[in-house]
Amino acid sequence: MKPRLLLIDNDPIQSKLKRISFSKTYDVVLVKGSRELAKYLNPTAEPFQMIVMDLMPIRERFIDLTAYVSHLEFNQIPPVFIVSHSDVVERYIRQITAYPMCEVVIKPLSLAFIEQRVNALVSAE
């Protein structure tokens, strides 16, 4: 069985590319914003082994994941990989202490780089 990966991405084209790419290694669940997120990150939902978040600033700029993972024990929180624009990266960096493993990078970057870092985080878990 493949590890579960939660992909939070509000760019229709990039989310398809990432889903196709990550599907080789992971069972990918694609969420396009915070409205859908509660359905997948709640006490009764099946856990994820990785969360990847990449939000376009035109739509939803920032999601505070701490509210969604607050019901989990610290060691149950999956690694989080956040791709962000420089104008909101500081807000994400402030969240890092809430997660056992988290990486925040600034756009633009290649899909190959994102895959490499996500695989490294999952392997380190």
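The legends below describe close-up views of a predicted protein model. Residues are numbered from 1 along each chain as its sequence is written, and side-chain values use heavy atoms, with hydrogens and water left out. Because the model is predicted, local features need pLDDT of at least 70 and side-chain atom pairs count only at pLDDT 80 or more, whereas totals for chains, interfaces and linings use all residues.

**View 1. The whole protein follows the pattern β-α-β-α-β-α-β-α-β-α along its sequence.** The secondary structure comes to five helices and five strands, where helices (H or I, at least four residues) and strands (E, at least two) are DSSP runs numbered from the N terminus. Of the 125 residues, 43% are buried; here buried means under 20% relative accessible area, exposed over 50%, and partly exposed in between, with a 1.4 Å probe and protein chains only. Among the contacts with a separation of 6 or more, 62% are between residues 24 or more positions apart, a contact being heavy atoms within 4.5 Å.

**View 2. Helix H5 covers residues 111–124 and has buried and exposed residues.** At 1.5 Å a residue, the 14 residues of H5 should span 20 Å, and its end C-alpha atoms are 20 Å apart, which agrees; the expected span is 1.5 Å times one less than the number of residues. Ile114, Val118, Leu121 and Val122 of H5 are buried. Seen down the helix axis, the buried residues of H5 fall within an arc of 95°, so they line one face of the helix; the arc is that of the directions from the helix axis to the C-beta atoms. On the other side of H5, Ala112, Gln116, Ser123 and Ala124 are exposed. The buried residues of H5 pack against strand S1 (4–9), helix H1 (12–22), strand S3 (50–54), strand S4 (80–84) and strand S5 (102–106).

**View 3. The largest nonpolar core holds 20 residues.** A nonpolar core is a set of buried Ala, Val, Leu, Ile, Met, Phe, Trp, Tyr and Cys residues joined through side-chain atoms within 4.5 Å. Leu6, Ile8, Leu37 and Leu65 touch the most other members of the largest core, to which S1, strand S2 (27–31), S3, S4, helix H4 (89–95) and S5 each give two or more residues. Leaving aside neighbours within four places in sequence, Leu6 is in contact with residues including Val29, Leu37, Phe48 and Val52. Apart from the largest core lies another core, of 15 residues, among them Met50, Val83, Val105 and Ile114.

**View 4. Strands S4 and S5 pair in the parallel sense over five bridges.** Two strands pair if DSSP finds at least two bridges between them. Val83 stands opposite Val105 in S5, and S5 is mostly covered, with four of its five residues buried. Pro108 has its place in the loop between S5 and H5, and the peptide bond from Lys107 to Pro108 is cis, with omega near 0°. In general, most peptide bonds are trans.

**View 5. Leu111 of helix H5 is in contact with Leu17, Lys18 and Ser21, leaving aside its neighbours within four places in sequence.** At 25% relative accessibility, Leu111 counts as partly exposed. The C-alpha atoms of Leu111 and Leu17 are separated by 8.4 Å, although these residues are 94 residues apart along the chain.
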